Amino acid sequence: MRKTIAVFALGLCCLSSQAFAMAKFNFVEKPPAHNKSKVVFINDTKMLSGAAAELDNGSEGRLSQLLALNNFDSKVGSTLHLQMIAGVESVLVVGSHDDDGLDNAELQNLGGVIASAMTSTEKKRDVLIFADDLIYDNTVPAAQLAYGYHLRHYSFDRYKTQKSEGVSNVTLVTKSADSARLAYQDDLRYVAEGVHLARDLASEPGKSIYPQAFVDVVKRKFKGIDDIDIEVLDMRDIKKRKMGALAGVGQGSINDPRLLVIEYSGTTKNQAPVALVGKGITFDTGGISLKSNTGMWAMKSDLSGAAAVAGTLYAAAQRGEKVNLVGIMPLAENMPSQDAIRPGDVLETMKGTSIEIISTDAEGRLILADAVYYAQTEFEPSMLVNIATLTGSAARALSDEYAAVITRDFALSRKMMSIGELSGEHVWPLPLHANHFKQIESSIADIKNSGAGNPGASIGAAVVGTFVDESVPWVHLDIAGVDWLESDIDVAPKGSQGWGVRFMDTLVRDSAK
Ligand code: BES
Ligand code: MN
Ligand code: ZN
């Protein structure tokens with residue numbers, strides 16, 4: 001058995017170097033003289049400007065005529081493919097009407113729209129995007145477009161013999177080419193890479209991403225990055241530190257649990273770090289409280305929280321954000337076996353308190369209980385954020401559009417809503433009430449891991465919150481509904497979203513101020 005595991009670990013060599021070709025972005029002030037492929041923006045079909053106006057003038061008004069013939073409206077994100085306009089072989093027209101100017105998230109969406117609209121012929125050509133024709137608000141539009149393009153330009157195709165086509169060269173034409181290049185190359189591209197890392201980890205089958213395999217992939221990805229310190233606790237260390245909840249969830253699997261800790265020191269030692277704690281269940285069968293068959297395969301992505309934490313730390317460290325961070329990823333596989341924990345069992349936590357297991361399928365809160373306690377006692381963070389695919393309840397309440405945010409202090413929830421707006425990843429508050437803590441009182445232990453039922457997301461948060469001191473600013477993110485989508489959005493193909501990297505990245509930038 002051990003031998004096979006070693007082979008799988010080696011098989012993962014390709015995870016970080018996807019076969020899918022990365023797009024290359026160039027930023028130039030003057031467009032190169034070729035007439036292959038152009039992307040032009042239309043703010044107003046009645047009054048063309050910039051590159052669109054040039055094409056129209058160079059074609060004796062053919063562009064305007066075709067826009068009218070096709071009933072093209074200039075709504076943000078509308079697209080139309082045209083050929084042979086003023087000698088340009090392929091023109092992608094993109095609607096971009098905005099009265100008060102596009103903000104960063106909107107520009108990123110546009111970049112994603114362009115990436116997804118590229119036809120296979122266009123993909124083989126050098127594409128020119130005329131970024132300055134947009135009406136934008138207080139930003140470097142070309143960098144944001146490239147970032148959005150990069151986010152969307154993703155395909156998990158390592159198991160397909162026929163790989164997706166990538167675009168080799170995207171050239172953004174802008175008068176602020178230098179600052180756009182800097183903003184993209186030294187910063188935003190790392191966020192996109194962090195998002196892609198998270199998507200890779202969550203898309204990978206459970207067979208090949210078990211706790212130690214997650215550690216291996218992350219270690220490889222972080223190799224050579226400055227100011228990073230990685231520590232891995234194995235089952236012996238976990239037990240030595242009395243993390244009975246993490247050990248308990250992991251004990252049913254042949255693949256032992258781990259606690260992965262990544263420290264990033266971007267500023268002076270005396271600054272308390274922001275702690276990011278992510279649920280890393282590498283596969284959730286439910287354990288002895290076995291899940292039903294329908295959709296169980298999707299539980300390969302039950303490590304999305306941990307994956308987002310890894311992606312966020314990657315981006316912050318690569319750009320050298322002036323902040324201290326600690327990423328804590330409890331990793332375990334929730335399997336039914338003769339060694340697995342049972343409903344009714346009682347586990348001792350690192351905090352010293354006990355938890356009665358009502359359902360072995362409420363495992364995320366168990367591993368987080370030890371992980372948040374470890375975060376707070378080992379690192380005394382200025383803020384503690386945990387992120388997890390925790391409850392179907394959060395998914396039912398908020399669906400695809402919002403992750404649930406739960407805090408003890410509504411002002412903090414409001415703050416998270418504004419971080420969400422800035423980042424393009426939105427959150428909506430759910431409550432945490434004294435009665436939710438009452439629901440998890442146990443008759444034989446200090447607490448139990450599940451209440452009578454509703455409200456499920458809040459009860460899950462109450463279990464985790466029991467292990468976080470009230471003095472610590474604490475943010476609980478339940479991403480069960482948003483981390484995996486059944487259809488494409490502008491900045492991501494369907495499937496794993498890598499949700500949380502952009503949100504936490506924005507939060508990290510805010511806390512560095
Ligand atoms: N990983 C699941 C939550 C989940 C469900 C994530 C659907 C993504 C999509 C979690 O471990 C779980 O099983 N939660 C239970 C909790 C219950 C047993 C108290 C749930 O939500 O049903
Ligand atoms: Mn579960
Ligand atoms: Zn789970």
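## The manganese site

What arrangement do the 6 donor atoms around the manganese ion (ligand 2) make? In this predicted model, they subtend angles of 71 to 168 degrees, which makes the arrangement irregular. The coordinating atoms come from Asp-284 (OD), Asp-361 (O), Asp-361 (OD) and Glu-363 (OE), at 2.1 to 2.2 Å. Asp-361 thus appears with both an O and an OD atom in the list.

Along the sequence, the donor residues of the manganese ion (ligand 2) follow the spacing D-x76-D-x1-E. Asp-284 sits in strand β10, while Glu-363 belongs to the loop between β13 (354-356) and α12 (364-379); the pair links distant parts of the chain, 79 residues apart. If you look at accessibility, Asp-284 is buried, with a relative accessible area of 2%, and Glu-363 also counts as buried, at 1%.

## The zinc site next door

Let's turn to the other metal. The zinc ion (ligand 3) has protein donors from Lys-279 (NZ), Asp-284 (OD), Asp-302 (OD) and Glu-363 (OE), lying 2.0 to 2.4 Å from the metal. Here the 6 donor atoms subtend angles of 77 to 174 degrees, so the arrangement is octahedral. The spacing of these donor residues in sequence reads K-x4-D-x17-D-x60-E. Lys-279 is found in the loop between β9 (274-278) and β10 (280-284), and Asp-302 in the loop between β10 and α11 (304-319), so this pair ties together parts that are 23 residues apart in sequence.

Lys-279 is buried, with 2% relative accessible area, and Asp-302 counts as buried at 3%. What separates the two metals, and which residue bridges them? The zinc ion (ligand 3) and the manganese ion (ligand 2) lie 3.2 Å apart, and Asp-284 bridges them. Glu-363 is likewise named among the donors of the zinc ion (ligand 3) and among those of the manganese ion (ligand 2).

## A strand covered on both faces

Strand β5 (residues 127-130) is a nice one to view from either side. In a regular strand, side chains alternate between the two faces of the sheet. For β5, Val-127 and Ile-129 are on one side and Leu-128 and Phe-130 on the other; all are buried, and both faces are covered.

β5 has pairing partners too. Strand β2 (residues 37-42) runs parallel to β5 and is joined to it by 3 bridges, with Lys-38 having Leu-128 as its bridge partner in β5. Strand β6 (residues 169-173) also runs parallel to β5, through 4 bridges. Leu-128 appears here again, with Thr-171 as its bridge partner in β6.

## An enclosed helix

How many residues of helix α16 (residues 456-465) are buried? The count is 10 of the 10, so the helix is largely enclosed by the rest of the structure. Among these buried residues are Gly-456, Gly-460 and Gly-465, together with Ala-457, Ala-461 and Ala-462. The list also includes Ser-458, Ile-459, Val-463 and Val-464.

## One cavity

A probe the size of a water molecule, rolled over the atoms, shows where empty space is left. For this model the count comes to 1 cavity of 30 Å³ or more, and about 30 Å³ of space lies in the largest cavity.

Its lining includes Gly-248, Val-249, Gly-252, Gly-287 and Ile-288. Asn-334, Met-335, Ala-340, Ile-341 and Thr-360 also line the largest cavity. By residue type, this lining divides into 5 nonpolar, 5 polar and no charged residues.

Methods:
Residues are numbered from 1 along each chain as its sequence is written. Chains are lettered from A and ligands numbered from 1 in the order in which they are written. This is a predicted model: local features need pLDDT of at least 70, side-chain atom pairs count only at pLDDT 80 or more; totals for chains, interfaces and linings use all residues. Side-chain values use heavy atoms; hydrogens and water are left out. Donors are N, O and S atoms within 2.8 Å of the metal (3.2 Å for Na, K and Ca); water is not among the atoms, so sites may look incomplete. Four donors count as tetrahedral if all angles lie between 85 and 135 degrees; four count as square planar and six as octahedral if opposite donors are over 155 degrees apart and all others between 65 and 115; anything else is irregular. Helices (H or I, at least four residues) and strands (E, at least two) are DSSP runs, numbered from the N terminus. Buried means under 20% relative accessible area, exposed over 50%, partly exposed in between (1.4 Å probe, protein chains only). On a 1 Å grid over the protein atoms alone, a cavity is a set of points where a 1.4 Å probe fits but cannot get out, and a pocket is an open set with protein on both sides within 12 Å along at least five of seven lines; lining residues have an atom within 4 Å of a point. Grid points are joined across faces, edges and corners, and a volume is the space filled by probe spheres set on the points. Ala, Val, Leu, Ile, Met, Phe, Trp, Tyr, Cys and Pro count as nonpolar, Asp, Glu, Lys and Arg as charged, and the others, Gly among them, as polar. Two strands pair if DSSP finds at least two bridges between them.
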